[in-house]
Amino acid sequence: MEFIRNFFSAISPLSDETWEEIKPLFTYRKLAPQEFFVKENSYARELAFLGKGCVRAFFTNASGKEYNKQFFVGPRLIGAYTSLLTGEKNLIPQQALTECDIWAVKYKELEKLFDRFHDLERIARKIAEYYFLEKERKELEMALKDATQRYAIFQAQFPGLEQEIPQYHIASYLSISPTQLSRIRANLNKSS
């Protein structure tokens with residue numbers, strides 16, 4: 001589990017004392033493709049370190065059409081943060097697209113340690129700041145970039161992912177149709 005500590009320490013230094021306190025809180029498990037980490041209309045209780053694999057966060061509109069909001073590719077943290085923070089039901093499910101290795105932790109157990117371990121609280125704040133910046137970046141991309149530019153950003157951000165997941169998930173993430181994605185890919189192949 002040293003890789004989890006290294007992940008956190010790369011964000012902000014984590015003391016030996018803090019690590020020894022939080023290490024036993026993590027429980028390993030696998031997510032199979034299509035398995036949910038957190039479902040819609042359920043209460044989130046955990047967050048997890050995603051060591052390997054890809055998880056999507058998505059929402060479904062009233063007519064049943066799904067929209068991929070985010071991809072999480074290990075190493076990364078996953079969790080329904082709004083539900084964890086508010087105690088309300090989750091509206092954005094998280095589902096494995098590939099086989100995933102995760103180490104889950106009960107959020108309330110971790111949160112209890114923030115007052116005692118300021119290095120842990122600092123890491124949590126920095127992670128929240130990172131996700132805020134990432135959300136804003138994605139919103140700006142969706143508003144200001146065309147589909148070809150968004151696809152190029154996707155390729156740079158998630159190298160190799162398009163070989164692991166169905167193309168319709170990528171199209172949904174880019175807010176285009178699978179046909180539009182095929183055209184973009186064909187045009188890029190012609191020009192290269």
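In these legends, contact means heavy atoms within 4.5 Å. The model shown is a predicted one.

**View 1. Arg76 and its neighbours.** Let's start with Arg76, a residue of strand 6 (residues 76–79). Leaving aside residues up to four places away in sequence, Arg76 touches Phe7, Ala48, Phe49, Leu50, Phe71, Tyr130, Tyr131 and Glu134. With Glu134 there is also a polar contact, side chain to side chain, at 2.6 Å. Is Arg76 buried or exposed? Its relative accessible area is 9%, so Arg76 counts as buried.

**View 2. A salt bridge between two strands, Asp101 with Lys30.** Here the closest N and O atoms of Asp101 and Lys30 are 2.6 Å apart. The pair joins distant parts of the chain, with Asp101 in strand 8 (residues 100–106) and Lys30 in strand 1 (residues 27–31), 71 residues apart. Asp101 is buried, at 12% relative accessible area, whereas Lys30 is partly exposed, at 41%.

**View 3. A salt bridge within helix 4, Glu111 with Lys108.** Both partners belong to helix 4 (residues 107–111), and three residues, or about one turn of the helix, separate them. Their closest N and O atoms lie 3.6 Å apart. Lys108 is exposed, with a relative accessibility of 55%, and Glu111 is partly exposed, with 31%.

**View 4. A salt bridge within helix 5, Arg137 with Glu141.** The two side chains meet at 2.4 Å, N to O. Arg137 and Glu141 are four residues apart in helix 5, which means about one helical turn lies between them. Glu141 is buried at 10% relative accessibility, while Arg137 is partly exposed at 27%.

**View 5. The cavity that Glu141 helps to line.** Follow Glu141 onward and you come to the largest cavity, whose lining also includes Lys138, Met142, Arg150, Tyr173 and Leu174. This cavity holds about 30 Å³ of space, and the structure has one cavity of 30 Å³ or more. Which helix gives the largest share of the lining? Helix 5 does, with three residues. Helix 5 (118–144) and helix 7 (167–174) each supply at least two lining residues. By class, three lining residues are nonpolar, three are charged and none is polar.

**View 6. A network of salt bridges.** In this last view, salt bridges link Arg29, Glu46 and Lys106 into a network. Across the whole structure, the search finds 14 salt bridges. As a general reminder, side chains of opposite charge can pair when their charged atoms come close.

Definitions and conventions. Residues numbered from 1 in each chain as written. Predicted model: local features only at pLDDT ≥ 70, side-chain atom pairs only at ≥ 80, totals over all residues. Heavy atoms only, no water. 1 Å grid on protein atoms, 1.4 Å probe; cavity = no way out; pocket = protein on both sides within 12 Å on 5 of 7 lines; lining within 4 Å. Points joined across faces, edges and corners; volume = space filled by probe spheres on them. Nonpolar A, V, L, I, M, F, W, Y, C, P; charged D, E, K, R; others polar. Buried < 20%, exposed > 50% of the residue type's maximum accessible area, 1.4 Å probe, protein only. Polar contact = N/O pair within 3.5 Å; in protein donor to acceptor, adjacent residues only side chain to side chain. Salt bridge = Lys/Arg side-chain N within 4 Å of Asp/Glu carboxyl O.
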